[in-house]
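Dear colleague,

I am handing over the structure we spoke about, and you will find it just below. My notes on what was found in it follow, grouped by region so that you can read them with the coordinates open.

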Amino acid sequence: MPYSVGLHKSLIESSFFAPRGHSRIYNLGMQIAQLYLSPYDKLIGFIGDAGSGKSALVKGMFPGVELTNDDDGVNVRPLPLLDLDDSRSFYQPHTYHLDIRFEIGFTQPHVLADAIIEALARGKRVLVEHFDLIYPLLHRNADLMIGVGEQIIISRPTIFGPEPVEFVNVVHSSLPYRLMAHTAEDLCEMHMSPELVNSCVHDDVHHGFVLAFREDHPEIDLAELERLVQADIAADLPVEYADENHIAVGGRVHECSGPRTHVSATGRIHGFRLYPKLVYDVQQNRYLLIGFVGEGSEEALRNFRDSLEGNPVRRSLAFF
């Protein structure tokens with residue numbers, strides 16, 4: 001029985017918060033592969049802007065796959081997908097990767113499209129980043145389509161959709177919130193003691209971030225912390241990639257496991273607010289520092305406060 005009428009026939013769309021940091025996005029990639037990937041999926045389309053974490057997600061879903069746009073050094077040339085008939089190689093991979101936005105700087109789009117179609121006809125699996133750019137030339141949709149913005153959206157398209165442009169509209173508009181939240185999160189850490197930073201774990205929330213502390217109630221002056229971060233934002237400090245484990249904010253280096261997922265300057269963070277008190281999460285026995293970003297941050301803060309204070313069940317459970 002074809003897989004398309006099997007387990008995921010009724011899948012319209014699933015979504016996850018898009019985590020920040022390599023280890024978390026790798027782990028989510030493994031989870032998505034276990035839940036949604038089928039051996040019958042040959043064309044996997046990834047959609048998302050630069051810096052959204054598409055390549056990290058690919059690495060998590062397909063450990064060991066050779067990325068042709070690897071930032072760590074040598075870009076794979078010639079593109080393996082264009083060398084399917086290379087008789088010099090005894091071994092040919094089953095899974096091919098290409099980044100359309102990167103490759104169109106070297107190869108005409110119709111050539112890339114023909115190579116994808118030929119690889120699929122030979123039973124190969126092709127992982128395509130920026131799938132929306134090549135879709136009009138393929139005359140077929142992806143077997144599995146994944147969009148990466150503030151959230152990671154997964155769908156198994158049919159002839160009725162969704163179309164890649166629908167994912168583009170969602171993930172491109174939401175990514176700025178994720179970038180702002182990640183940078184604001186790191187700015188908070190830069191004004192906290194190393195002991196506090198080392199004791200917290202990171203969680204996600206819509207248009208914001210969460211730092212969770214599992215020890216005793218941490219001593220944090222939230223009003224002062226918010227003031228210090230607001231001063232950094234007003235100073236419009238440059239935020240730069242330092243290496244795979246660090247960013248530099250105004251020349252000050254800070255440890256970060258997702259250094260490419262940031263705004264380019266602190267002044268690009270809008271609407272930063274901290275919830276004015278730590279929230280105790282009885283369910284998971286931890287204290288939560290909660291921050292919001294974006295033009296709706298004040299409303300989000302009020303709604304959360306009203307819900308937390310007006311709902312006795314919500315008061316005793318985790319915020320998420």
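A good place to begin is helix α6 (residues 164-190), which lies across β9, β10 and β11 and runs at about 105° to β11. Please keep in mind throughout that this is a predicted model. The three strands under discussion form an open sheet in the order β9-β10-β11, with antiparallel pairing, and its edge strands are β9 (239-243) and β11 (252-255), each of which pairs on one side only. On average, and with direction ignored, neighbouring strands of this sheet are turned by 35° against each other. Between β9 and strand β10 (residues 246-249), which run antiparallel, there are four bridges, and within this part of the sheet Glu240 stands opposite Ala248 in β10.

A second group of strands centres on β6 (residues 151-155), where four of the five residues are buried, so that this strand is largely enclosed by the rest of the structure. Strand β1 (residues 14-17) pairs with β6 in the antiparallel sense over four bridges, with Ser14 placed opposite Ile154 of β6. Strand β5 (residues 144-148) also runs antiparallel to β6 and is joined to it by four bridges; here Val148 stands opposite Ile152 in β6, and the connection from β5 to β6 is a hairpin through two residues.

Turning to the helices, α1 (residues 22-36) packs against helix α2 (residues 54-61) at an angle of about 55°, the two axes being 7 Å apart, which makes α1 oblique to α2. The crossing in which α1 passes α2 is right-handed. On the α1 side the contact is made by Ile25, Tyr26, Gly29, Met30, Ile32 and Ala33, and on the α2 side by Ala56, Leu57, Lys59, Gly60 and Met61.

The charged pairs may interest you most, given your work. Side chains of opposite charge can pair when their charged atoms come close, and a search of the whole structure finds 14 salt bridges. One of them is formed by Asp204 and Arg24, whose closest N and O atoms are 2.4 Å apart; because Asp204 lies in strand β7 (residues 200-205) and Arg24 in helix α1, the pair ties together parts that are 180 residues apart in sequence. Asp204 counts as buried at 11% relative accessibility, whereas Arg24, with a relative accessible area of 21%, is partly exposed. Both residues also belong to a network of salt bridges that links Arg20, Arg24, Glu185 and Asp204.

Another salt bridge joins Arg273 to Glu298, and its closest N and O atoms are 2.4 Å apart. Since Arg273 lies in strand β12 (residues 273-274) and Glu298 in helix α9 (residues 297-310), this pair ties together parts that are 25 residues apart in sequence. Arg273 counts as partly exposed at 22% relative accessibility, and Glu298 is partly exposed too, with a relative accessible area of 37%. Finally, the side chains of Arg286 and Asp281 meet in a salt bridge at 3.2 Å, N to O, and both Arg286 and Asp281 are buried.

With best regards

Technical notes:
Residues numbered from 1 in each chain as written. Predicted model: local features only at pLDDT ≥ 70, side-chain atom pairs only at ≥ 80, totals over all residues. Heavy atoms only, no water. Buried < 20%, exposed > 50% of the residue type's maximum accessible area, 1.4 Å probe, protein only. Pairing = 2+ DSSP bridges. Salt bridge = Lys/Arg side-chain N within 4 Å of Asp/Glu carboxyl O. Axes fitted to C-alpha atoms, helices over the stretch in contact; angles between N-to-C directions. Parallel < 35°, antiparallel > 145°, perpendicular 65-115°, else oblique. Left-handed = near helix turned anticlockwise from the far one by under 90°. Contact = heavy atoms within 4.5 Å.
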